[in-house]
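Student: Could you walk me through this model by question and answer?
Tutor: Gladly; have a look at it before we start.

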Amino acid sequence: MLGIAGAIAALGVKVLLDTGAQGELTIEAAGRSVHVAEGTSLGQATTTLRLRPRAGDLLDVEGSVLRRGAVAGVLRLDGHGVPLDTRLRNGDRITAVAGRDRREPLSRQVVRVPGGMPADPQFFLARTRGSQVVVRGAISHELVSVSFRASGARPTVARAVALTFDDGPSPQYTARILAILKRLHVPATFFVVGYLADRYPNLVRRELRAGMMVGNHSYNHPEVPSFDALPRRLIDDEIALGADSLRRVGANPKLFRPPSGSFSPTVVSAAEALGERIVLWSVDPADWKPGATARQIARRVLAAVRPGSIVILHDGGGDRSATAAALPAIVKGIRQRGLRLAAVAA
């Protein structure tokens, strides 16, 4: 309602409309008593008294204004909507109800995913068939959500194994491990710590040039308290800052591995909001433990791998010479089982 009370005050409390009728009525408009001529209609009174209910705005899915004044307000007579030619009676009450802001309607699109989708968090190289449900603003087309609806079929497990490397890059071991993987024609996935990517950007670029998948392993690799116990704001910051470091060296991270594999629904949601899917592992040969030998690491991997396994190894965070030395035996053993080696797909 735009200046209704002021308009009435400016016109004076007594407002007689020239309707040709005799006498006058007392009505209430905008909370004030006003006199009008008998036979005055609602439309005539509202025009003369300048009763203009404020219009509301049409908002997009984020709450920003799409169309200002798109939602009209309404006039009510004694609390009811009536035609503007309705004749007023003594004691009638006119109220102007402002239009309420409204959000745009949503559109929903179902898209089949014939090849299936990996789980989130992902422990295996497996895909479940189904459909993606995409919800957008019907006018702005801004994305609201994307969810996956499984078809009920069992997941399809790849006859492949993924070798993944955490905690790098390391100036002592990353280049050595990359050289072994290149010589053996093995694609792999490196989960990179943000501050180390800032410190050794050329090593991350070498991973990318070698055709490796590069994922986000947070910026600082916090461990105490565990990653899933951090406040949501810090979780968001760790993921976002780690991704920023990788983008500066030419990577476009779509995969996230939380430090120590510590995850929760909050961590999954935070990564998803930043466009990243959580990847964990199904085989851990504990190559990070002090004193682990190349033979022990290889034996532990080969005893546990099966189709779809994701193996966690490390190229940083300590002495990784045994990990590098174990790689030829690991690769040979996996291939002897009729399995191929693959990077984790984004």
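**Pockets, a helix and strands**

Student: Which strand gives the most to the lining of the largest pocket?
Tutor: The model is predicted, so local features need pLDDT of at least 70 and side-chain atom pairs pLDDT 80 or more, while totals for chains, interfaces and linings use all residues. Numbering runs from 1 along each chain as its sequence is written, and side-chain values use heavy atoms, without hydrogens and water. A pocket is an open set of points on a 1 Å grid over the protein atoms alone where a 1.4 Å probe fits, with protein on both sides within 12 Å along at least five of seven lines; its lining residues have an atom within 4 Å of a point. Three lining residues come from residues 143–150, the top contributor, which is strand E10.

Student: Which residues lie nearest the centre of the largest pocket?
Tutor: The lining counts 14 residues. Those nearest the centre are Met117, Asp120, Gln132, Glu272 and Arg277.

Student: Why are the buried residues of helix H8 on the same side?
Tutor: Helices (H or I, at least four residues) and strands (E, at least two) are DSSP runs numbered from the N terminus, and buried means under 20% relative accessible area, exposed over 50%, partly exposed in between (1.4 Å probe, protein chains only). In H8 (residues 294–304), Ile297, Ala298, Val301 and Leu302 are buried. Taking directions from the helix axis to the C-beta atoms, they share one side because their arc is only 120 degrees.

Student: What do the buried residues of H8 pack against?
Tutor: Exposed Arg295 and Ala303 sit on the face turned away from the buried side. With contact taken as heavy atoms within 4.5 Å, the buried residues pack against E17 and helix H9 (321–336).

Student: Is Ser131 buried or exposed?
Tutor: Ser131 belongs to strand E9 (residues 126–137). Beyond four places in sequence, Ser131 contacts Val110, Val111, Arg112, Val113, Ser147, Phe148 and Arg149. Its relative accessible area is 12%, so Ser131 is buried.

Student: Which residues cover the two faces of strand E13?
Tutor: In a regular strand, side chains alternate between the two faces of the sheet. In E13 (residues 189–192), both faces are covered by buried residues. One side has Thr189 and Phe191, and the other has Phe190 and Val192.

Student: What is the bridge partner of Gly168 in E13?
Tutor: Strands pair if DSSP finds at least two bridges between them. E12 and E13 do this in the parallel sense, over four bridges. Within E13, the partner of Gly168 is Val192.
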